[in-house]
Structures are given as C-alpha cells and as structure tokens.
Amino acid sequence: MEGTNENIDERLRKSLIGCLKIDLNLDQIFKYPIFKKFDIIFSRLCIECAATDNNHFKRAIRNLKKYMKVNGYLLLLGLLDEDFYIVG
C-alpha cells in the first residue's frame, strides 16, 4: 500500500467489514451462509485455542481457505510452543 500512514489507516478502516463470528468445529463455519470471499482473514489466538490437535487445526485452516479470494491473505497471530498465556 502506498501513501502516508494516515492515508493507509483511512483506507484500511473504510475497507474493514467487521468482525464475523465463526465455529471452527462445523463444516459450515458461519452461522449464516456467506457467499462473499474475503481479501484478508485475520485470527489472533483463536484457531489455536479452538483446535484440539494438529489435524483439527489443519481442517480449520482448510475451512477458512474456502472463504478467501484468490491471492488473498490469511493472517495468523499466535504463540509457538506455549501451554498458556496471561492477559492483563
């Protein structure tokens, strides 16, 4: 993205649809049918917490991938090799 930081921030805020709740344990992860594909899907410490094992994690990623546009991005923010973390 080109431009000043303010310009980039403004463009990002205008592009953001919102926060959509999903259930990674279901094949149809959204409560309502979603016919749109997304440029970016972002998850912070959600998939790691919901997945019970490595296979569950991979299945969740495959489910999310169905909702990404071609050349879209899946941004994951998580922790490696941690058993727990403290918030606050």
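Q: How many aromatic pairs does a search of the whole structure find?
A: The structure is a predicted model, in which local features need pLDDT of at least 70, side-chain atom pairs count only at pLDDT 80 or more, and totals for chains, interfaces and linings use all residues. Residues are numbered from 1 along each chain as its sequence is written, and side-chain values use heavy atoms, with hydrogens and water left out. Rings of Phe, Tyr and Trp (its six-membered ring) count as a pair if their centres lie within 6.5 Å; planes under 30 degrees apart are stacked, those over 60 edge-to-face, and the rest tilted. Searched in this way, the whole structure gives a number of aromatic pairs equal to 1.

Q: Which residues form the aromatic pair, and what is its geometry?
A: The partners are Phe 30 and Tyr 67. Their ring centres are 4.8 Å apart and their planes make an angle of 85 degrees, so by the cut-off of over 60 degrees the geometry of Phe 30 and Tyr 67 is edge-to-face.

Q: How many residues apart are Phe 30 and Tyr 67, and in which loops do they lie?
A: Helices (H or I, at least four residues) and strands (E, at least two) are DSSP runs numbered from the N terminus. Phe 30 is in the loop between α1 (5-15) and β1, while Tyr 67 is in the loop between α3 and β2 (68-77). The pair thus links distant parts of the chain, its members being 37 residues apart.

Q: Are Phe 30 and Tyr 67 buried or exposed?
A: Buried means under 20% relative accessible area, exposed over 50%, and partly exposed in between, with a 1.4 Å probe and protein chains only. Contact means heavy atoms within 4.5 Å; leaving out residues up to four places away in sequence, Phe 30 touches Leu 20, Lys 21, Ile 22, Phe 38 and Tyr 67. Both Phe 30 and Tyr 67 are buried.

Q: Which element gives the most residues to the largest nonpolar core?
A: A nonpolar core is a set of buried Ala, Val, Leu, Ile, Met, Phe, Trp, Tyr and Cys residues joined through side-chain atoms within 4.5 Å. The largest has 11 residues, among them Leu 24, Phe 30, Ile 47, Ala 60, Ile 61, Leu 64 and Tyr 67. β1 and α3 each supply at least two residues of this core. The element that gives the most, with 3 residues, is α3.

Q: Which residues outside its sequence neighbourhood does Ile 47 contact?
A: Ile 47 is placed in helix α2 and is buried because its relative accessible area is 2%. Its C-alpha atom is separated by 7.7 Å from that of Leu 24, 23 residues apart along the chain. Leaving aside neighbours within four places in sequence, the contacts of Ile 47 are Leu 24, Phe 57, Ala 60, Ile 61, Leu 64 and Leu 76.

Q: How far apart are the end C-alpha atoms of α3?
A: The expected span of a helix is 1.5 Å times one less than its number of residues. For the 12 residues of α3 this gives 16 Å, which agrees with the distance between its end C-alpha atoms, 17 Å.

Q: Within what arc do the buried residues of α3 fall?
A: The buried residues are His 56, Ala 60, Ile 61, Asn 63 and Leu 64. The arc is that of the directions from the helix axis to the C-beta atoms. These buried residues line one face of the helix because, seen down the axis of α3, they fall within an arc of 160 degrees.

Q: Which residues of α3 are exposed on the other side?
A: The buried residues of α3 pack against β1, α2 (47-50) and β2. Asn 55 is counted as exposed because its relative accessible area is 54%. On the other side of α3, the exposed residues are Asn 54, Asn 55, Arg 62 and Lys 65.

Q: Which residue caps the N-terminal end of α3?
A: A polar contact is a pair of N or O atoms within 3.5 Å; within protein, one must be able to donate a hydrogen and the other to accept it, and residues adjacent in sequence count only if both atoms are side-chain atoms. At the N-terminal end of α3, a side-chain oxygen lies 3.2 Å from the backbone nitrogen of Asn 55, and the capping residue that carries this oxygen is Asp 53.

Q: Which backbone nitrogen lies 2.9 Å from a polar side-chain atom of His 56?
A: His 56 is in helix α3 (residues 54-65) and counts as buried because its relative accessibility is 5%. The backbone nitrogen at 2.9 Å from its side chain belongs to Thr 52.
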